[in-house]
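The following note is offered to a colleague who has asked for a reading of this model. The points are numbered for ease of reference.

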Amino acid sequence: MAQMMGANYVPRLADTLRAGPGMSVLERVYKFPGNEQISVFQSGPAPVGAGNKDRDYSPLWRVVMVHWRDPARVRELKSEEALLSAQEKGELALEVTGIVVNCPITRAGAGQALTGVR
């Protein structure tokens, strides 16, 4: 189906049909409310499209707001690991929200896009 539609293959979404206690298909997306940088996604399809092999990827994201404690120490963070390390050092605070967004990743870092994406 994903190949036919030119979409991401996301086997994890089938878990919504059988999710038990403590199970979730939500990933985290880290948003910077001061627009210090672009959002950081917990995972992504690899590769983008019907050939995705990352079984952890989900297009459903729980928004986590990133608040820098000291504006003089703001820097670009490129991964969840870097965010969590900065949090452990007390450089920022993470605010888990009740916001869930449906935001599939449609373009790889190199720029190739899924079929039909403008």
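1. Two residues are taken to be in contact when heavy atoms of theirs lie within 4.5 Å. On that basis, of the contacts in the protein between residues at least 6 apart in sequence, 66% join residues at least 24 apart. The model is a predicted one, and every value in this note is to be read accordingly.

2. Overall architecture. Two helices and four strands are present. Their order along the sequence is α-β-β-β-α-β. The protein has 118 residues, of which 31% count as buried. The exposed surface amounts to about 7500 Å², with 53% of it supplied by carbon and sulfur atoms.

3. The principal nonpolar core. Which residues make up the largest nonpolar core? The set consists of Tyr 30, Phe 32, Val 40, Val 64, Val 66, Trp 68, Leu 77, Leu 83, Ala 86 and Leu 92, 10 residues in all. Strand 3 and helix 2 each contribute at least two residues to this core, and strand 3 gives the most, with three. A general tendency may be recalled here: in soluble globular proteins, nonpolar side chains tend to be buried together.

4. A second core. Separate from the largest core is another of seven residues, among them Tyr 57, Val 63, Met 65 and Ile 105.

5. Surroundings of Val 40. Val 40 is one of the residues of the largest core. Leaving out residues up to four places away in sequence, Val 40 touches Arg 28, Val 29, Tyr 30, Phe 32, Leu 77, Lys 78, Ser 79, Glu 80 and Leu 83. Tyr 30, Phe 32, Leu 77 and Leu 83 are also listed in that core.

6. The salt bridge between Glu 80 and Arg 28. The search of the whole structure finds three salt bridges. In one of them, the side chains of Glu 80 and Arg 28 meet at 2.7 Å, N to O. The two partners lie 52 residues apart, Glu 80 in helix 2 (residues 80-88) and Arg 28 in strand 1 (residues 27-31), and the pair thus links distant parts of the chain. Is Glu 80 buried or exposed? Glu 80 has a relative accessible area of 10% and therefore counts as buried, the limit being under 20%. Arg 28, with a relative accessible area of 34%, is partly exposed.

7. The network at Glu 91. Salt bridges link Arg 73, Arg 75 and Glu 91 in a network. Between Arg 73 and Glu 91, the closest N and O atoms are 2.8 Å apart. These two residues are 18 residues apart: Arg 73 is in the loop between strand 3 (60-68) and helix 2, and Glu 91 in the loop between helix 2 and strand 4 (92-102). The side chains of Glu 91 and Arg 75 meet at 2.7 Å, N to O. Arg 75 is in the loop between strand 3 and helix 2, 16 residues from Glu 91.

8. Accessibility within the network. Glu 91 is buried, at 8% relative accessible area. Arg 73 is partly exposed at 46%, and Arg 75 is likewise partly exposed at 36%. Setting aside its neighbours within four places in sequence, Glu 91 is in contact with Trp 68, Arg 69, Asp 70, Arg 73, Arg 75 and Ala 86. Of these contacts, Trp 68 and Ala 86 are also listed in the largest nonpolar core.

Terms used
Residues are numbered from 1 along each chain as its sequence is written. This is a predicted model: local features need pLDDT of at least 70, side-chain atom pairs count only at pLDDT 80 or more; totals for chains, interfaces and linings use all residues. Side-chain values use heavy atoms; hydrogens and water are left out. Buried means under 20% relative accessible area, exposed over 50%, partly exposed in between (1.4 Å probe, protein chains only). Accessible areas come from the Shrake-Rupley method with a 1.4 Å probe; for residues, only the protein chains shown count as cover. A salt bridge is a side-chain nitrogen of Lys or Arg within 4 Å of a carboxyl oxygen of Asp or Glu. A nonpolar core is a set of buried Ala, Val, Leu, Ile, Met, Phe, Trp, Tyr and Cys residues joined through side-chain atoms within 4.5 Å.
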